[in-house]
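Dear colleague,

Below I am handing over the structure we spoke about, with its sequence. My notes on what was found in it follow underneath, and I would be glad if you read them with the structure open beside you.

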Amino acid sequence: MEEALEKISAGLVGGNKGRDRRSAAESSNRITSDEVLTKPLHSSLDFFGSYKGKDSASGHPEQVNVKKRKRDKQDDEAKETKPVALGVRKRYRVRTEAGLPDPMRSFQKWKLEKAFESVTGAFELTEIQSQAAPCMKQKYEVIAVAPTGSGKTLAYIVPVVKLAMNRKKPLGAAGCLILVPTKELAEQVARVTQRFLDAAKVDDEIKLKLVVSKAHVSGLAGGGSKRANILVATPMRLVHAIRSRAVELSRVRDLILDEADKLFEDGFMDQLDEVLMATGGKKTRIHLFSATLPPKVEEVARTVMKTPVKIVVGGQSYGGGTAAVDASTVKQRFMFADGQGEAGKVAAFRRLLTEGLMPPTLVFVQSQDRASQLFKELVFDGVNIDAIHANRTAAQRSTAVENFRSGRVWILIATDLMARGIDFRTINTVVNYDLPASPSAYVHRIGRTGRAGRTGQAITFFTEDDKPLLRKIVNVAVASGAEVPKWMLDIKPGERVKASLQEKRQPRRDRIGTAKLSDVAFKRPSKKRKRQRHNGIGSDDAADPSDAADDPGDEDVFQDDEDDE
Ligand SMILES: Nc1ncnc2c1ncn2[C@@H]1O[C@H](COP(=O)(O)OP(=O)(O)OP(=O)(O)O)[C@@H](O)[C@H]1O
């Protein structure tokens, strides 16, 4: 990550100035990558981005821009008196900077409340929606950190649609670009956006295009992107489209980086750089949305933002960054599942099954291989089970997701491909069969349950080998209000040192199997049970072990799936 950040800071510093960016970077005013990484540009902001300085006219970027934006006063945001706005923020645990637009209570004044209601089934906005939407509408660049399942997607979709509706002259090219790390998430965001456009009855004027496959890129080639107002894309596919001149991004006014911290990781960095170069330079506002935000990502992102404002909902700090977890909706449990090595984990999982694990259940493992092995191990147990990871074809992944959504599959085994953004409202349980590789991976994985005000539970297995990293993850759980046994907080400091080394280097694990299951209190079902059909899963030579947690290389695998589409 460090390496990647240095790469982007070296490449991007000098500002997001579109095609003249390189020359700007070469100018004598250029900030070196060292400066970016060691000297916070916004040292006058406290941890949550509140302004601490005394002199608002001293060149502080947010303050300057707040003044400039007085011209927007006539905008039709819900205006509330100051004390009411403060009360709303306090009640909502929203931390933000002074002088920003007041939070909105509904989208009534934008005449979008009915569309919003028809998509969400709700009239009231969530915290992040109430604060991020008016900021985006008033043309700030938003850094939004809010819990998983708190409606961040519509927090950026609604203002972007409102801005497009207000545009007097068509831009003649996409005005909004939404970038997300996986194909599954892009499809979901596009689906939500299209539903919102339809419900708002603006689908004739505001066109959406999805760019996640070769076919999509070819479809854009004949000037298709000129007829699209909103593009939703994954980075690699978009880069292909840029290189083949299938898209025109110079008119992009709002660039939304959803799961922003992921997009700033190694595998995506060069692509992100290329996308930024193709967008509209100074005229492009960049927005970051995520439930987790490491400080270095924020620092680097701010170097390419012009009017950044930070909004944090219910955030806790972890490892110096911000994570938004809502422990009131996700009950977190940790289970020691060792004793028999990997067989101990299989036994523990079967115990959960016999005790009545609440489906639908999403089970996370650390690699494609392990997803295949666990599937093979459980497929005879009489539960409807499937697996999803980047080594399956696009069609297999879509079927797995569809079957899980519809309830035909109760237990879905997944790699971290499914850890971010994916919205299955009804997931009751998340099982971290393998400990996540980092606290942020933990936050995103457990956030697949307890969404949109529902409750759910997250059960995390760990073994002796996991103890060093466990402490960091337990810290996030505790900070979010979860209760853990005291001994977990007593892991020795020496082990904590090891944890920093081990992060992202997950332990080598034995193959998942039943070799030592003699002591397991679970009756294996008859072998006669018909084997579930499961294309592509379970072959020994199947997978590339590098389909590890948080591996942005997952996207590379997507590129090979064209024939399925
Ligand atoms: N105001 C609202 N009231 C109730 N439900 C809502 C509201 N806004 C959005 N939702 C619903 O909440 C669910 C989660 O929304 P969304 O996927 O945008 O969450 P998110 O914050 O982006 O989560 P993640 O961090 O996991 O990506 C969706 O099913 C969405 O329809």
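I begin with Ala452, which is found in the loop between helix 18 (439-446) and strand 17 (456-462). Please keep in mind throughout that this is a predicted model. Phi of Ala452 is near 50 degrees, a positive value in a residue other than glycine, and with a relative accessible area of 46% Ala452 is partly exposed.

Lys201 also has a positive phi, near 55 degrees, and is likewise a residue other than glycine. Lys201 comes just after helix 9, in the loop that leads from helix 9 to strand 4 (208-211), and its relative accessibility of 67% means that Lys201 counts as exposed. Lys139, which follows helix 7, has a positive phi as well, near 70 degrees. These places are worth noting because most residues other than glycine have a negative phi, and most peptide bonds are trans. On the second point, the peptide bond from Pro359 to Pro360 is cis, with omega near -10 degrees, and Pro360 lies in the loop between helix 15 (342-355) and strand 13 (361-364).

The two helices just mentioned can be described further. Helix 9 (residues 183-199) has 17 residues, which at 1.5 Å a residue should span 24 Å, and the distance of 24 Å between its end C-alpha atoms agrees with this. Its buried residues include Leu185, Val189, Val192, Phe196 and Leu197, and among them are also the charged residues Lys183 and Glu184. Helix 7 (residues 127-137) is mostly covered, with ten of its eleven residues buried; among these are Ile128, Pro134, Cys135, Met136 and Lys137.

Turning to the ligand, which residues come nearest to it? Of the 21 residues around the ligand, these are Lys152, Thr153, Asp423, Arg425 and Arg451. By class, the shell is made up of five nonpolar, nine polar and seven charged residues. Domain 1 (79-323) and domain 2 (325-560) both give residues to this shell, so the ligand lies between them.

Several contacts involve oxygen atoms of the ligand. One such contact is with the side chain of Thr153, where an N or O atom is 2.6 Å from a ligand oxygen; in another, an N or O atom in the side chain of Arg451 is 2.8 Å from an oxygen atom of the ligand. For Ser150, a polar backbone atom is 3.0 Å from a ligand oxygen. Taken alone the ligand exposes 650 Å², and the protein buries 90% of that. Helix 6 (113-120) and helix 8 (152-166) are the elements that give two or more residues to the shell around the ligand.

Two further buried residues deserve a look. Thr279 sits in the loop between helix 13 (266-278) and strand 7 (285-290), and it counts as buried because its relative accessibility is 1%, the cut-off being under 20%. The side chain of Thr279 reaches the backbone oxygen of Leu276 at 2.8 Å. Cys176, in strand 3 (residues 176-179), counts as buried at 3% relative accessibility. Although Cys176 and Thr284 are 108 residues apart in sequence, they are 9.1 Å apart in space, C-alpha to C-alpha.

With best wishes

Definitions and conventions. Residues numbered from 1 in each chain as written. Predicted model: local features only at pLDDT ≥ 70, side-chain atom pairs only at ≥ 80, totals over all residues. Heavy atoms only, no water. Near = heavy atom within 4 Å. Polar contact = N/O pair within 3.5 Å; in protein donor to acceptor, adjacent residues only side chain to side chain. Areas by Shrake-Rupley, 256 points an atom, 1.4 Å probe, with all protein chains shown as cover. Helix = DSSP H or I, 4+ residues; strand = E, 2+ residues; numbered from the N terminus. Domains from an automatic or database assignment. Buried < 20%, exposed > 50% of the residue type's maximum accessible area, 1.4 Å probe, protein only. Expected span 1.5 Å × (residues − 1).
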